[in-house]
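Here are my notes on this model, in numbered points. Please read them with the structure open.

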Amino acid sequence: RRGVRNSFIPPVKSNASCFANPTARAYGKSDDGLDDSTRKCLEMLYGPDGELPENLRNLEPRLIEHVSNEIMDRDPNVRWVDIAGLEHAKKCVTEMVIWPLLRPDIFKGCRSPGRGLLLFGPPGTGKTMIGKAIAGEAKATFFYISASSLTSKWIGEGEKLVRALFGVAHCRQPAVIFVDEIDSLLSQRKSDGEHESSRRLKTQFLIEMEGFDSGGDQVLLIGATNRPQELDEAARRRLTKRLYIPLPSSEARAWIIRNLLEKDGLFKLSNEDMVTICRLTEGYSGSDMKNLVKDASMGPLRDALGHGIDITRLESKDMRPVTVQDFESALQEVRPSVSQDELGIYEEWNKQFGSLS
Ligand code: ADP
């Protein structure tokens, strides 16, 4: 029962009586046994007419609550300008995902977008950041879940949680569901070795994806993985666009250093210094760079304390700027986390299955 207009009404937070309708009222009774936060979260999901959306009616309230409180991120707080480099990925994603989410009326028929996007590449290169930026730029609700937590933490309940996740996302359109480590959920069937429960979980997940792919929903699924070669054919088929997110270029590494140091007013490096640091950080990921900058920025502090200044009296004017030598010492501590061999695997997979243009 969807009400007189017979079309889906996205729920809005409403102070009107959320429990006016008999289905909803079951949750609103003082003796319904629900705690306050569960009730609040169910209220949020009711439509303006007080009805709980149809696809949430058979779900357990505690799972809806978990999705709304733990998995849903109301303010992902990342924009394109926060992400260094990756121009190719940004361009593809803007066309394929953001425009369709902003203008569903134009992107229909021949232009109707795929609903599944795969971001693959080494760890720490900005895949999660891209997911959040998509949600931020397209003004969509962001849902983040790690697939390995579905298989480890939610043993036996993963299927129900997946239904709740897609159900709530359906109610909060436009929505972006980001599944980290998607390979652990959609890996190639290991016929005998695969546990019955993980097989069921995978089937449920594929069913949910199929469901929103065929409808007119504004829900996008983004899978991220460091092991694309583990994905099976069914997963590849559903994740129609597959973007390689490589290690940052020299310019992108420079941008990360400058951006992080400038935020703290610590940037005083010359162009020549930057060229040296970028040369020395070939093969570092974005997150390696972040760790490197953190370590290097400790140099001036250690120096000041070494000159006998008491930490409790230390002021920022007592510290010199971060230098290229600080970076050189930090490079001894922070090593690149991705090996050359691994890069070869990504590049090969990209040639075979990636979206190259
Ligand atoms: P992934 O999902 O690919 O493993 P993340 O998006 O979680 O990596 O990135 C981890 C951290 O590394 C980010 O929070 C950010 O500080 C830094 N980082 C990685 N890639 C970039 C990038 N391209 N631009 C800016 N920061 C980056």
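1. Start with the ligand shell. This is a predicted model. The residues around the ligand split into 9 nonpolar, 7 polar and 2 charged. In total, 18 residues surround the ligand. The closest are G126, K127, T128, G286 and S287. Three elements give two or more residues each to this shell: α5, α10 (250-263) and α12 (286-296).

2. Now the sheet. It is open and has 6 strands, in the order β1-β3-β4-β5-β2-β6. The pairing is mixed. At the edges sit β1 (72-73) and β6 (241-244), each of which pairs on one side only.

3. Look at one strand pair in detail. Strands β4 (residues 175-180) and β5 (residues 219-225) run parallel and are joined by 5 bridges. In this pair, V179 stands opposite G223 of β5.

4. Two helices deserve a check against the sheet. Helix α4 (residues 87-102) lies across β2 (116-120), β5 and β6, and runs at about 145° to β6. Helix α5 (residues 127-137) packs on the sheet too, touching β2, β3 (141-146), β4 and β5. The direction of α5 makes about 170° with that of β4.

5. Next, the core. The largest nonpolar core has 75 residues. Those with the most contacts inside it are L119, I134, F143, L165, V176, I177 and F178. Helix α7 (residues 158-171) supplies the largest share of this core, 8 residues.

6. Which residues is F178 in contact with, leaving aside neighbours within four places in sequence? They are T128, G131, F142, F143, Y144, I222 and A224. Of these, T128 is also among the residues closest to the ligand.

Methods: Residues are numbered from 1 along each chain as its sequence is written. This is a predicted model: local features need pLDDT of at least 70, side-chain atom pairs count only at pLDDT 80 or more; totals for chains, interfaces and linings use all residues. Two strands pair if DSSP finds at least two bridges between them. Helices (H or I, at least four residues) and strands (E, at least two) are DSSP runs, numbered from the N terminus. Two residues are in contact if their C-beta atoms, placed from the backbone, lie within 7 Å. Axes are lines fitted to C-alpha atoms, for helices over the stretch in contact, and angles run from 0 to 180 degrees between N-to-C directions. A residue is near a molecule or strand if its C-beta atom, placed from the backbone, lies within 6 Å of it. Ala, Val, Leu, Ile, Met, Phe, Trp, Tyr, Cys and Pro count as nonpolar, Asp, Glu, Lys and Arg as charged, and the others, Gly among them, as polar. A nonpolar core is a set of buried Ala, Val, Leu, Ile, Met, Phe, Trp, Tyr and Cys residues joined through C-beta atoms within 7 Å. A residue is buried if 20 or more other C-beta atoms lie within 10 Å of its own, exposed if 12 or fewer, and partly exposed in between; C-beta atoms are placed from the backbone.
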